[in-house]
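Reader: I'm new to this one and would love a close look at a single part. Could you walk me through the sheet and a loop that goes with it?

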Amino acid sequence: MVGRGDRARGLRARTTDRFEDVVAWALTTCAAATVLLAVAIGQFGSDATLARANAEAAARTPARAELLEDVDGVLVADGSPPRTAPARWTAPDGRVTQGRVIVSSPHASGDTVPIWLDRTGRLVPAPMQASSATVVGWTWGVAVVLGGWAMLALLWTGVRGWTARRNAAGWAREWALVEPSWSGRVP
């Protein structure tokens, strides 16, 4: 490989060296652009998640449900489906409703547990937390950076392999011309 000092002394750079330089500059520019793209996509993901969390918070109402039977002391910690128990609660329109609610700890009959209701009084999951928007934004951003840089690294590896094969073939051709006189086989 012809170094920068060799170029300054008048040796010509190989075409493969110039090609590698151009590709290196292009890939470096793409790596920087990938970071900017990741920031934009992360911000979009964060904004979309925050909008969803705000919409869910506006459409769901916290309430308390009174348990109608005891819930034993077996906690849900082994990965099994959550336990449910019969309960009653007052819907936003004032009517008393009964159903099964998720219970994650032992309770006695008559205890109250927190629940979330939609505008019609149906049970719904708790709204998404606004703090999860930050997690989504960072996750999307990091995924874009890692994926983009992995593709650029693969491309750079391919270019380096191609130029190495081209250089090796050129060196073999040059050696075939020089070796006979260098070894003394040809006067």
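Author: Here is a stroll through the sheet, followed by a stop at one loop residue. Keep in mind that this is a predicted model.

Let's start with the overall layout. Five strands make up an open sheet, and reading across it you get β3-β2-β1-β4-β5, with antiparallel pairing. The edges belong to β3 (96–103) and β5 (123–124); each has a single partner strand, so one side of each is left without a neighbour in the sheet.

Now take β1, which covers residues 61–67. With β2 (residues 83–90), β1 pairs in the antiparallel sense over two bridges. Glu66 has Arg88 of β2 as its bridge partner, and Leu67 stands opposite Ala87, also in β2. Then there is β4 (residues 112–117), which pairs with β1 over six bridges, again in the antiparallel sense. One spot to look at there is Ala65, whose bridge partner in β4 is Val113.

From β4, move on to the loop between β4 and β5, where you'll find Asp118. Is Asp118 buried or exposed? With a relative accessible area of 12%, Asp118 counts as buried, because the cut-off for buried is under 20%. Its side chain has a couple of polar partners to look for. The side chains of Asp118 and Thr120 are joined by a polar contact of 2.8 Å, and the Asp118 side chain also reaches the backbone nitrogen of Arg122 at 2.9 Å. Leaving aside residues up to four places away in sequence, Asp118 touches Ala59, Pro92 and Val124.

Note on methods: Residues numbered from 1 in each chain as written. Predicted model: local features only at pLDDT ≥ 70, side-chain atom pairs only at ≥ 80, totals over all residues. Heavy atoms only, no water. Pairing = 2+ DSSP bridges. Helix = DSSP H or I, 4+ residues; strand = E, 2+ residues; numbered from the N terminus. Buried < 20%, exposed > 50% of the residue type's maximum accessible area, 1.4 Å probe, protein only. Polar contact = N/O pair within 3.5 Å; in protein donor to acceptor, adjacent residues only side chain to side chain. Contact = heavy atoms within 4.5 Å.
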